[in-house]
Each structure stands twice: as C-alpha cells, then as structure tokens.
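Morning, everyone. I'll walk through one model today, mostly side chains. Have the viewer open and follow along.

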Amino acid sequence: MTPLFISVLLAAMCLECRAQKDNVLQAKGEETAAAGGTVTLHCLYNSSGTNNYLFWYKQDGNNSPKFILMRISRDDGKTAEEFKERFSSTLDSSIRSVPLKIQKLQLSDSAVYYCALQPTVTGNSKTLYKNLWSKDNRILHNIH
C-alpha cells in the first residue's frame, strides 16, 4: 500500500465572522493514511450565532479551493456531486464539531483541506463578498 499524505491547514477560515469568538480550529496539521483506507479530519468551531453553516473545501496544488460540502445541522446540508461517494460529515452542535470523513483514499486526495464557518443570526444566508487589497490599499477585486 502506498501511503497518502493529507495536509490540513491550521489557519482555517471564518466567513462573515462578527466577533473574535467566532472561529474554527483544526488542531492537527497533517494526517497520513494508506491508499484505500479512511481518514477523519477534525474541525471544532465557536460561534456567537444561533445558526451556523460549516463548510469543507479542498485545495490541491496551485488550484483554487473546491467546495466539498456544507452542513447546517447533523447531516442536513449540501455535498458537491464529485465528493458524494467518498466524503461525508455530520455536524454535532453539542460539541461544536464538524469532522470530514474521507473513505477509499486515493493519491489524488492529498491536498490542503479547509474548514470554514459562516454564522448567521436569522438562518438566512447573506451574499458573501470579500475585498482583495493591493499593498497601497486599493481594491483589486470585489468578489460577490
């Protein structure tokens, strides 16, 4: 069996976080597992919001991060079609955890995995936008 190397980014993302206490934590930076096996990537979150949307993304090489899945509660949410067969997650709000389980590991699973949080007070998802700034504080891109 060929060992797989799966890297988990420690500085996870928090989308639209309103307070310092809104954050996600991926405590273990790297996971190594054998091809064909299973690995669980852990993510804990803190949020001042009442409804939370938790996301997982995969980034390999120099490519942009790819959406894997989103969870609102337990198994409720959305999973991208290409990940449905082998990637799963169950949100446990009692311990504020949303682990990502990857089964039947393949070499192509070696990547950086991001856990992200989007807290909402009403449960309605607002349009996300992010300004990317240049060194002299001019807006380079405004992504909606």
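**Charged pairs, rings and cores**

Start with Glu81: at 61% relative accessibility, this residue counts as exposed. Keep in mind that this is a predicted model.

Glu81 has a partner. Its side chain meets that of Lys84 in a salt bridge, 3.3 Å from N to O. Lys84 counts as partly exposed, at 47% relative accessibility.

How many salt bridges does the structure hold? Three. Let me take the other two in turn.

Next is Glu82 with Lys66. Their side chains form a salt bridge at 3.5 Å, N to O. Glu82 sits in the loop between strand S9, residues 76-79, and strand S10, residues 87-89. Lys66 is in strand S8, so this pair ties together parts that are 16 residues apart in sequence. Glu82 is exposed, with a relative accessible area of 57%. Lys66 is partly exposed, at 41%.

Now Arg86 and Asp109. Here the N to O distance is 2.8 Å. The pair links distant parts of the chain, 23 residues apart. Arg86 is in the loop between S9 and S10, and Asp109 is in the loop between S11 and S12. Are these two buried or exposed? Arg86 is buried, with a relative accessible area of 13%. Asp109 is buried as well, at 1% relative accessibility.

**A lysine without a bridge**

Stay with Asp109 and look across to Lys58. Lys58 lies in strand S7. Lys58 is buried, yet it has no salt bridge. Which side chain of opposite charge is nearest to Lys58? That is Asp109, 4.1 Å away. Why does this pair not count? A salt bridge needs the side-chain nitrogen within 4 Å of a carboxyl oxygen, so the cut-off rules it out.

What does lie by the polar end of Lys58, then? The backbone oxygen of Ser108 is 2.9 Å from a polar atom of the Lys58 side chain.

And the wider surroundings? Set aside the neighbours within four places in sequence. Lys58 is then in contact with residues including Ser64, Pro65, Lys66, Ile68 and Phe83. Further along the chain, its contacts include Ser108, Asp109, Ala111, Val112 and Tyr113. Note that Lys66 is on that list, and Lys66 is also the partner of Glu82.

**Rings**

On to the aromatics. Searching the whole structure gives four aromatic pairs. I'll show two of them.

Take Phe55 and Phe67. This pair is edge-to-face, with 6.5 Å centre to centre and 65° between the planes. Phe55 belongs to strand S7, residues 51-59, and Phe67 to strand S8, residues 66-73. So the pair ties together parts twelve residues apart in sequence. Phe55 counts as buried, at 10% relative accessibility. Phe67 is partly exposed, with a relative accessible area of 25%.

Phe67 has another ring partner, Tyr57. Their centres are 6.1 Å apart and their planes are at 70°, so this pair is edge-to-face too. Again the link runs from strand S7, with Tyr57, to strand S8, with Phe67, ten residues apart. Tyr57 is buried, at 17% relative accessible area.

Put the three together: Phe55, Tyr57 and Phe67 form one aromatic cluster.

**Cores**

Now the nonpolar cores. How many residues are in the largest one? It has 22. Which members touch the most others? Trp56, Ile68, Leu100, Ile102 and Tyr113.

Where do the residues come from? Two or more are given by each of strand S5 (39-41), S7, S8, strand S11 (100-102) and strand S12 (112-120). S12 provides the largest share, three residues.

Apart from that core lies another, of six residues. Among them are Tyr53, Phe55, Tyr57 and Ala116. Two of those names are familiar: Phe55 and Tyr57 are in the aromatic cluster.

Back to two residues from the Lys58 contact list. Ile68 and Tyr113 both touch Lys58, and both are among the core members that touch the most others.

**One last stop**

Finally, Thr32, which is placed in strand S4, residues 30-34. Thr32 is exposed, with a relative accessible area of 56%. Look at Ser110, 78 residues away along the chain. The C-alpha atoms of Thr32 and Ser110 are separated by 9.2 Å.

That's the tour. Questions welcome.

How values were computed. Residues are numbered from 1 along each chain as its sequence is written. This is a predicted model: local features need pLDDT of at least 70, side-chain atom pairs count only at pLDDT 80 or more; totals for chains, interfaces and linings use all residues. Side-chain values use heavy atoms; hydrogens and water are left out. Rings of Phe, Tyr and Trp (its six-membered ring) pair if their centres lie within 6.5 Å; planes under 30 degrees apart count as stacked, over 60 as edge-to-face and the rest as tilted. Helices (H or I, at least four residues) and strands (E, at least two) are DSSP runs, numbered from the N terminus. Buried means under 20% relative accessible area, exposed over 50%, partly exposed in between (1.4 Å probe, protein chains only). Lys and Arg count as positive and Asp and Glu as negative; His and the chain ends are not counted. A polar contact is a pair of N or O atoms within 3.5 Å; within protein, one must be able to donate a hydrogen and the other to accept it, and residues adjacent in sequence count only if both atoms are side-chain atoms. Contact means heavy atoms within 4.5 Å. A nonpolar core is a set of buried Ala, Val, Leu, Ile, Met, Phe, Trp, Tyr and Cys residues joined through side-chain atoms within 4.5 Å.
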